[in-house]
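Colleague: Could you take a close look at one helix for me? I'd like to hear how it sits in the fold, and then a word on the cysteines.

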Amino acid sequence: MRETPEELKELQALLEASLSRSTSHLRSIVTENTLTAEQVTRILTGMCTLALSTVTAKGEPRISGVDGHFLHGKWCFGTARGAAKARHLAARPAVSAAHMRGEDLGVFTHGTVEILNPQHGEPAADWPDLLAYFKDFYGDDLFDWDNDVVYYRLHPHWMTVYAPDIDKLTTHAA
């Protein structure tokens, strides 16, 4: 768990606000089967495959998989600089992401992305720490970190978690 007390507080407020703004149908499913911010950060460790949804210039939805890392209460993920999703995100940074583990866990997020390491611009202030994390996770020599990949942070405006059995998740959590 890498979150500060302030980040946990912000994540908890987001989870509560998102659920309160949800439809009655979703609330009937999730309210008794959700997690706290602290529980979420204990479970979402390491790499979590995300289904990431972007939109083309014609407004057509596109979904693809990315390696998601839940760091400091937000999803971070990367892709090749030349990938279609990188072009979509540069032009239209609104995304939806889902991380699901069978019927045991569903984390659903809507928001906008920030480029953490723009090729011809200033990186995010915390990029050196994030880059160290990613190099430690994937290996330092996997690719040219400055030119081959672009990383994003998803700033959520809505996020909800479905987990009907917390004990099942914490037993398997790293």
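Modeller: Let's take helix α5, which runs over residues 127-138. Keep in mind that this is a predicted model. α5 has 12 residues and reaches 16 Å from its first C-alpha to its last, close to the 16 Å expected at 1.5 Å a residue. Five names make up its buried set: Trp127, Leu130, Leu131, Tyr133 and Phe134. Those buried residues cover an arc of only 160° around the axis, which puts them on the same side of α5. The spacing fits the general rule: an α-helix has 3.6 residues a turn, so residues three or four places apart point the same way. Turn to the other side of α5 and you'll find Pro128, Asp129 and Asp136 exposed.

What lies over the buried residues of α5? The cover includes the strands β2 (61-71), β3 (74-80) and β6 (149-162). Just after α5 comes Gly139, and its phi is positive, near 105°.

Now the cysteines. The structure holds 0 disulfides. Cys48 is in none, and the nearest cysteine sulfur to its own, that of Cys76, is 12 Å away. For a disulfide the two sulfur atoms would have to be within 2.5 Å. Looking from Cys76, the nearest cysteine sulfur is that of Cys48, again 12 Å away. As for exposure, Cys48 counts as buried at 2% relative accessibility, and Cys76 is buried too, with a relative accessible area of 0%.

Key: Residues are numbered from 1 along each chain as its sequence is written. This is a predicted model: local features need pLDDT of at least 70, side-chain atom pairs count only at pLDDT 80 or more; totals for chains, interfaces and linings use all residues. Side-chain values use heavy atoms; hydrogens and water are left out. Helices (H or I, at least four residues) and strands (E, at least two) are DSSP runs, numbered from the N terminus. The expected span of a helix is 1.5 Å times one less than its number of residues. Buried means under 20% relative accessible area, exposed over 50%, partly exposed in between (1.4 Å probe, protein chains only). The arc is that of the directions from the helix axis to the C-beta atoms. Contact means heavy atoms within 4.5 Å.
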